[in-house]
Amino acid sequence: MSKVIVVGGGAAGMMAAIAAADVGHQVVLVEKNEKLGKKVYITGKGRCNITNDSDVENLLAHVVSNPKFLYSAFYSFDSSRMMDFLEMEGLALKTERGNRVFPASDKSSDVIRTLQNALRKRRVDIRLQTEVTKVLAREDQIIGVEVACQGEKHTLSGDAVIVATGGISYPSTGSMGDGYRFAKQTGHMVTACYPALVPINVKEGYCKELQGLSLRNVTLKAFLEGKCLFEEQGEMLFTHFGISGPLVLSASSVLGGRNFKDLHMEIDLKPALDEEQLDDRILRDFGELKNSYFKNSLSKLLPAKMIPVMVALSQIDPEKPVHEVTRQERRHLLKLCKGFPLTPEGLRGYNEAIITKGGVSVKEINPATMESKRCKRLFFAGEVLDLDAVTGGYNLQIAWSTGYLAGISIE
């Protein structure tokens with residue numbers, strides 16, 4: 001039986017500790033916060049989107065960075081196994097639109113409580129308000145960690161260490177990039193990091209005019225020098241600084257690290273209609289309101305808040321009678337509906353980012369075990385690795401799967 005030290009009491013760390021205990025190891029879980037799962041607590045707006053109830057191929061298809069690395073982890077512990085585990089531990093679950101899985105209570109605290117009970121049942125030694133300051137290795141092999149607790153430092157000896165410290169998103173939860181420091185101390189490469197699943201700043205002033213407007217069933221596209229980098233249908237929201245919401249968060253994961261100077265975005269407000277169908281629809285609306293002014297003719301086509309902005313962008317005289325709107329003007333309106341223009345200026349900061357893009361290079365980690373190729377008996381799991389996915393429960397599943405695989409792979 002080995003003594004395993006798990007650094008970090010988030011999703012990956014809790015699962016790693018549970019898995020290591022299940023295969024017979026003595027486990028110490030070290031967390032610098034006053035409680036476990038601080039970031040899990042705020043996920044899914046406090047509801048905790050635990051996972052996505054779908055097969056491994058679908059899980060992999062929604063991973064943005066290094067999906068192939070996750071084959072072993074996902075096949076070892078997929079979403080159905082995570083759901084089975086939680087239900088066996090007494091947590092009722094429900095599945096919502098898009099196969100998103102939540103606790104039936106809609107309370108993330110119930111997920112954390114379930115995991116805490118599972119840890120205690122397995123007699124995991126949980127050390128709260130204890131900060132790991134250094135990972136200790138001798139001749140490229142782990143011998144333990146240095147910890148600080150109540151102002152005093154001491155050494156915690158161990159046969160293996162799992163680093164599951166998260167990234168640098170939501171620093172208020174304790175994610176300060178400690179794992180990157182440990183990785184560098186032990187000779188690992190850390191790739192460039194960016195905020196991910198984060199709102200986007202937009203140049204156009206009309207976003208502020210549209211603040212609070214939520215759009216459903218629209219398609220958001222992002223282009224770099226004419227090449228489409230992102231295209232997805234769903235929900236989004238206008239804010240005082242730009243755009244947010246599920247679609248935008250997913251787009252941000254693709255755009256991190258790009259040169260925003262050459263980027264532009266478009267919203268297809270009517271993705272269910274092709275241009276001909278939309279033209280027919282506009283003509284029909286105009287026909288019913290042929291004696292109205294143009295500014296009063298768009299109420300069936302667009303949300304009320306969007307009409308003044310669209311009228312201004314169309315450059316059609318607001319007081320023009322609808323029956324006088326030319327075919328060319330109508331075509332321009334149509335193009336705006338199919339490609340409402342946005343100029344992204346950059347991503348919002350880490351304090352608003354759900355996850356971090358980048359991290360410990362997966363080239364230096366064995367995908368079958370999560371063990372370092374540079375330092376024996378040192379393992380990495382979760383967001384500290386250069387792995388990220390779009391919204392929908394996929395990032396938490398990365399944490400559960402990599403944490404589980406690390407835990408069971410210690411000999």
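**Two sheets and a helix pair in a predicted model**

In helix 10, the residues Glu275, Leu278, Asp279, Ile282, Leu283 and Phe286 meet a set from helix 12 made up of Arg330, Arg331, Leu333, Leu334, Lys335, Cys337 and Lys338. Sorted by class, this contact of helix 10 with helix 12 holds 7 nonpolar and 6 charged residues, with no polar ones. The model is a predicted one, and the points below take up the geometry of this helix pair, then an antiparallel sheet of 7 strands and a parallel sheet of 5 strands.

**Helix 10 and helix 12**

- Helix 10 spans residues 275–288, and its axis comes within 10 Å of the axis of helix 12, the two crossing at roughly 120°.
- Helix 10 therefore counts as oblique to helix 12, since an angle that is neither under 35 degrees, nor over 145, nor from 65 to 115 is placed in that class.
- The crossing in which helix 10 passes helix 12 is right-handed.

**The antiparallel sheet**

- Seven strands, paired in the antiparallel sense, make up an open sheet whose order is 18-17-14-15-16-13-19.
- At the edges of this sheet lie strand 18 (340–342) and strand 19 (344–347), each of which pairs on one side only.
- On average, and with direction ignored, neighbouring strands of this sheet are turned by 35° against each other.
- Within the sheet, strand 14 (residues 214–224) and strand 17 (residues 263–268) run antiparallel and are joined by 6 bridges, and Thr219 stands opposite Asp268 of strand 17.

**Helices packed on the antiparallel sheet**

- Helix 9, formed by residues 246–255, packs on the sheet and touches strand 13 (200–202), strand 14, strand 15 (227–238), strand 16 (242–244), strand 17 and strand 19, while its direction makes about 150° with that of strand 15.
- Helix 12, formed by residues 327–338, also packs on this sheet, where it touches strand 17 and strand 18, and its direction makes about 105° with that of strand 17.
- Helix 12 thus has contacts of two kinds, with strands of the sheet and with residues of helix 10.

**The parallel sheet**

- An open sheet of 5 strands has the order 7-2-1-11-21, with parallel pairing.
- Its edge strands are strand 7 (125–127) and strand 21 (378–380), each pairing on one side only, and the twist from one strand to the next averages 20°.
- Strand 1 (residues 3–7) is paired with strand 11 (residues 160–163) in the parallel sense over 4 bridges, and Val7 has Val163 as its bridge partner in strand 11.

Terms used: Residues are numbered from 1 along each chain as its sequence is written. This is a predicted model: local features need pLDDT of at least 70, side-chain atom pairs count only at pLDDT 80 or more; totals for chains, interfaces and linings use all residues. Side-chain values use heavy atoms; hydrogens and water are left out. Two strands pair if DSSP finds at least two bridges between them. Axes are lines fitted to C-alpha atoms, for helices over the stretch in contact, and angles run from 0 to 180 degrees between N-to-C directions. Contact means heavy atoms within 4.5 Å. A crossing is left-handed if the near helix is turned anticlockwise from the far one by less than a right angle, and right-handed if clockwise. Ala, Val, Leu, Ile, Met, Phe, Trp, Tyr, Cys and Pro count as nonpolar, Asp, Glu, Lys and Arg as charged, and the others, Gly among them, as polar.
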